[in-house]
Amino acid sequence: MAGSTRPGPDHPEVSTATGEPLERAQRDVVALGIAVASIILFVGVAGRVMPQVVRSWMGLAHRPDMLLTNALLLNIALVIFGWRRYEELRREVGVRRQAEQTARTLAETDPLTGCLNRRGVTPAIGQMLDAARGQDQEVALFLIDLDNFKAINDRCGHSAGDAVLVETGRRVQQLLPRDGVCARMGGDEFACAFPFDAGDRARADRIAAEFLGAISAPIQFADLTIDVTVSVGLASSHQPGAAVASPDAEMLIHWADIAMYHAKKHGRDRHAWFEPQMESDIRFRNALESGLRRGVAAGEFVPYYEQQIDIQTGKLVGFEMLARWISPDFGVVTPEMFIPLAEEIGVIGELSESLIRKALQDAQIWDDELTLSVNISPIQLRDPWFAQKLLRLLTEAGFPPHRFEIEITESCLHENIAVVRSIITSLKNQGVKISLDDFGTGYSSLAQLRALPFDRLKIDRSFVTELAREGANTELVAAIVALGRGLGLPIVAEGIENDEALAVLLKLGDLKGQGYHYGRPEDAEATLQRLMGQAAREVPHGGRSKAAAKRAAG
Ligand code: C2E
Ligand code: MG
Ligand code: MG
């Protein structure tokens with residue numbers, strides 16, 4: 001059954017909506033009718049004329065009746081004509097049928113891999129489901145999606161991408177159980193379905209594991225060895241708890257698609273069975289996604305600011321901008337929820353730009369010594385024009401680059417390091433500072449740390465909050481601080497939540513710090529109030545703070 005095409009209910013052979021084959025059949029019948037009528041006529045006329053002709057040749061009678069003789073000759077011509085026409089039409093119909101069959105095969109087959117396509121496989125799965133229902137069987141559907149296929153195309157070229165698809169199609173067909181069907185559903189996605197005994201999910205699991213193993217073997221193309229992994233979504237036609245008890249082919253494909261998305265989201269190179277809960281998660285995610293797209297256009301994202309303090313003197317040195325989404329549907333949403341989604345759907349650049357623009361505007365009224373620090377996503381650092389875009393924002397706002405800082409995480413170091421280095425160098429040349437955020441949570445080597453000219457290390461808050469625990473291991477934080485000193489980099493400790501953590505850090509020397517101990521992130525208005533209050537305390541006798549003066553000036 002694998003890879004085969006068959007006439008389905010979608011492709012009736014005898015008539016189409018235009019009625020063309022029907023017309024042809026009618027013409028066939030007319031031609032045949034003429035031929036048959038001519039033969040009958042021939043038999044009648046020849047029966048009378050031929051004896052007269054024979055007798056006339058033998059000299060036994062006069063010349064035969066001329067009218068009848070002519071009618072006979074005409075009749076013979078008609079028989080020959082009718083018969084030839086009938087034969088021609090039969091041949092024509094045969095050729096057309098063959099062409100229709102070829103067109104149907106092409107329409108249902110993927111030309112690159114030779115597998116069925118979505119159109120071809122859907123009725124086949126439908127038939128399999130019908131058959132399984134009567135035999136106490138379930139149908140398993142695997143949806144197999146290559147991980148990072150775009151990167152293969154980009155890095156190795158499209159012919160390498162094609163070779164990967166062909167080889168994957170071949171492997172899928174090879175592994176397919178004998179009573180299964182498989183198809184390329186489009187792009188880098190394959191599907192296969194097969195029946196199994198009700199309740200024997202272990203078999204389907206085993207086959208899925210085999211698929212993962214076999215398809216993930218490296219593929220050789222020219223002198224390239226291409227590593228591929230796949231994510232597989234599995235769905236079974238018997239799914240307790242699902243809204244639909246007896247899914248059709250489309251529904252089964254939809255379930256497997258949801259499970260495949262789940263497998264992708266949880267790290268790729270794995271398989272996941274569909275569970276009804278996943279459907280509501282997807283609905284929520286879709287609502288979040290459309291809300292996010294709308295929200296970016298409507299300017300619902302606002303900068304909040306977290307104080308950064310010199311922990312020895314307690315002096316405010318700057319703010320880190322942290323994004324918040326004030327959504328009419330979901331309330332205040334934290335970045336941990338929407339940043340990954342914005343990255344995934346490709347709006348992170350636009351979102352970040354609008355936030356930075358707002359933050360630069362807010363920071364105009366702050367004191368001239370205060371710095372502004374913003375978080376930058378690894379996705380943004382893939383854009384070779386990123387440095388130019390950022391510098392343009394600074395120029396437009398008239399904000400001095402030396403007061404501006406970007407925070408990047410260790411994951412950026414594993415991306416295209418050449419592009420990242422050139423971006424960082426351009427920004428540094430203009431005076432912008434670069435911090436390595438969440439230090440200690442990634443896998444950067446010392447070599448990578450030295451390869452990029454960072455200005456600061458930010459110890460991840462998970463290490464710092466730990467310091468408050470009694471008997472906590474302070475050695476690790478001390479080691480990170482020593483490492484920073486060794487590399488000549490100032491350190492910022494994130495997540496200082498209380499006096500205990502601060503006391504430990506104070507013993508480690510000159511550090512900057514931030515955390516709930518100093519205050520929660522606040523919006524622009526609250527930040528300004530804080531700055532004015534602070535300035536009023538510092539200038540008690542009638543002098544106006546810079547923030548107050550700038551604000552009064554509008
Ligand atoms: P981050 O850059 O490490 O930011 C610090 C996070 O720690 C913030 O969470 C802050 O609210 C939280 N935090 C600060 N002090 C404490 C503390 O004492 N205890 C605890 N438990 N947490 C503390 P938030 O605002 O939810 O941001 C989370 C992450 O989202 C940020 O981590 C950053 O990586 C990312 N992010 C925020 N804004 C942006 C943005 O505009 N662009 C990008 N690309 N990422 C952003
Ligand atoms: Mg940060
Ligand atoms: Mg951080």
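This section describes the surroundings of ligand 1 and of two magnesium ions in a predicted model.

Ligand 1 occupies the second largest pocket. Strand 9 (315-327), helix 9 (335-344) and strand 13 (433-439) are the elements that each contribute two or more residues to the shell around the ligand. Of these elements, strand 9 provides the largest share, with four residues. In total, 23 residues surround ligand 1, and the closest are Arg324, Asn375, Arg461, Glu497 and Tyr516. By residue class, the shell comprises ten charged, nine nonpolar and four polar residues.

Polar contacts to ligand 1 involve both side-chain and backbone atoms of the protein. The side chain of Asn375 places an N or O atom 2.8 Å from an oxygen atom of the ligand. A polar side-chain atom of Asp438 is found 3.0 Å from an oxygen atom of ligand 1. At Tyr516, by contrast, the contact is made by a polar backbone atom, 2.9 Å from an oxygen atom of ligand 1. Ligand 1 on its own has 790 Å² of accessible area, of which the protein covers 88%.

The magnesium ion designated ligand 2 is coordinated by Glu320 (OE), Asn375 (OD1), Glu407 (OE) and Asp437 (OD), at distances of 2.0 to 2.2 Å. Along the chain, the donors of this ion follow the spacing E-x54-N-x31-E-x29-D. Asn375 belongs to strand 11 (residues 371-375) and Asp437 to strand 13, so this pair ties together parts of the chain that are 62 residues apart in sequence. Asn375 thus appears both among the donors of ligand 2 and in a polar contact with ligand 1.

For the magnesium ion designated ligand 3, the protein donors are Asp437 (OD), Asp438 (OD) and Glu494, the last of which is listed with two OE donors. These donors lie 2.0 to 2.5 Å from the ion, and their spacing along the chain is D-D-x55-E. Asp438 therefore has a role in the description of two ligands, as a donor to the magnesium ion (ligand 3) and as a polar contact of ligand 1. The two magnesium ions, ligand 2 and ligand 3, are 3.8 Å apart, and Asp437 coordinates both.

Methods:
Residues numbered from 1 in each chain as written. Chains lettered and ligands numbered in written order. Predicted model: local features only at pLDDT ≥ 70, side-chain atom pairs only at ≥ 80, totals over all residues. Heavy atoms only, no water. Near = heavy atom within 4 Å. Polar contact = N/O pair within 3.5 Å; in protein donor to acceptor, adjacent residues only side chain to side chain. Areas by Shrake-Rupley, 256 points an atom, 1.4 Å probe, with all protein chains shown as cover. 1 Å grid on protein atoms, 1.4 Å probe; cavity = no way out; pocket = protein on both sides within 12 Å on 5 of 7 lines; lining within 4 Å. Sits in = over half its atoms within 2 Å of the grid points. Nonpolar A, V, L, I, M, F, W, Y, C, P; charged D, E, K, R; others polar. Donors = N, O, S within 2.8 Å, 3.2 Å for Na, K, Ca; no water.
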